[in-house]
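Welcome! Please take a moment with the sequence and the model below before reading on.

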Amino acid sequence: MFKNLKITCDQATTICDKNQYSEASIKELIKLNIHLIKCRICAVYTKHNITLTNFYKGYSQHCKALKNCMSAEDKEALKTALEQNKE
């Protein structure tokens, strides 16, 4: 009965990565959690993966808040430089 719930470390890391993007199924998450109870290495991998995901989510929200636009003068200078390169 429990044989089909056992997974390898490679499968566990794949499920962990899928879970990062909310693509893992309930069955996969159950298998992952059972594996994490026994395997400390995969548990550390999962913890680091969650930490990095949260870090990048926060960083991306910060970057989206910034408005990085070229000024009108810079746009005209770029347009002129591109037209000169065509000739």
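What follows is a short tour of the helix contacts, a salt bridge and a loop.

A word before we start: this is a predicted model.

**How the helices pack**

Let us begin with helix α1, residues 9–20, which has helix α2, residues 26–38, as a packing partner. Helix α1 also packs with helix α3, which covers residues 40–65. The table puts the three pairings side by side.

| Pair | Angle between axes | Axis distance |
|---|---|---|
| α1 and α3 | about 20° | 10 Å |
| α1 and α2 | about 125° | 10 Å |
| α2 and α3 | roughly 120° | within 6 Å |

Take α1 and α3, with their angle of about 20°. An angle under 35 degrees counts as roughly parallel, so that is the word for how α1 runs relative to α3. The crossing of these two helices is right-handed. On the α1 side, the contact is made by C9, A12, T13, C16, D17 and Q20, and on the α3 side by C42, Y45, T46, N49 and T53. Sorted by class, the residues of this contact are 5 nonpolar, 5 polar and 1 charged.

Now turn to α1 and α2, whose angle is about 125°. That value makes α1 oblique to α2, and the crossing is left-handed. Here C9, A12, I15, C16, K18 and N19 of α1 touch E28, L29, L32 and H35 of α2. This contact has 6 nonpolar, 2 polar and 2 charged residues. If some of these names look familiar, that is because C9, A12 and C16 of α1 are listed in the contact with α3 and also in the contact with α2.

The remaining pair in the table is α2 and α3, which cross at roughly 120°. Helix α2 is therefore oblique to α3. From α2, the residues H35, L36, I37 and K38 meet R40, C42, A43 and T46 from α3. The classes in this contact are 4 nonpolar, 2 polar and 2 charged. H35 of α2 is a residue to look for twice: it meets α1 and it meets α3.

**A salt bridge between two helices**

How many salt bridges does the count give? The count comes to 1 salt bridge. Its partners are E28 and K18, and their closest N and O atoms are 2.8 Å apart. Because E28 belongs to helix α2 and K18 to helix α1, the pair ties together parts that are 10 residues apart in sequence. Both residues also appear in the contact of α1 with α2. K18 has a relative accessible area of 26%, so it is partly exposed.

**The loop between α1 and α2**

Two residues of this loop are worth finding in the model. One is E23, in the loop between α1 and α2. Is E23 buried or exposed? With a relative accessibility of 55%, E23 counts as exposed. Leaving out residues up to four places away in sequence, E23 touches K18 and E28, and those are the two partners of the salt bridge.

The other is S22, which also has its place in the loop between α1 and α2. S22 counts as exposed because its relative accessibility is 67%. What is the phi of S22? Its phi is near 60°, a positive value in a residue other than glycine. For background, most residues other than glycine have a negative phi.

Terms used. Residues are numbered from 1 along each chain as its sequence is written. This is a predicted model: local features need pLDDT of at least 70, side-chain atom pairs count only at pLDDT 80 or more; totals for chains, interfaces and linings use all residues. Side-chain values use heavy atoms; hydrogens and water are left out. Axes are lines fitted to C-alpha atoms, for helices over the stretch in contact, and angles run from 0 to 180 degrees between N-to-C directions. Helices (H or I, at least four residues) and strands (E, at least two) are DSSP runs, numbered from the N terminus. Angles under 35 degrees count as roughly parallel, over 145 as roughly antiparallel, 65 to 115 as roughly perpendicular and the rest as oblique. A crossing is left-handed if the near helix is turned anticlockwise from the far one by less than a right angle, and right-handed if clockwise. Contact means heavy atoms within 4.5 Å. Ala, Val, Leu, Ile, Met, Phe, Trp, Tyr, Cys and Pro count as nonpolar, Asp, Glu, Lys and Arg as charged, and the others, Gly among them, as polar. Buried means under 20% relative accessible area, exposed over 50%, partly exposed in between (1.4 Å probe, protein chains only). A salt bridge is a side-chain nitrogen of Lys or Arg within 4 Å of a carboxyl oxygen of Asp or Glu.
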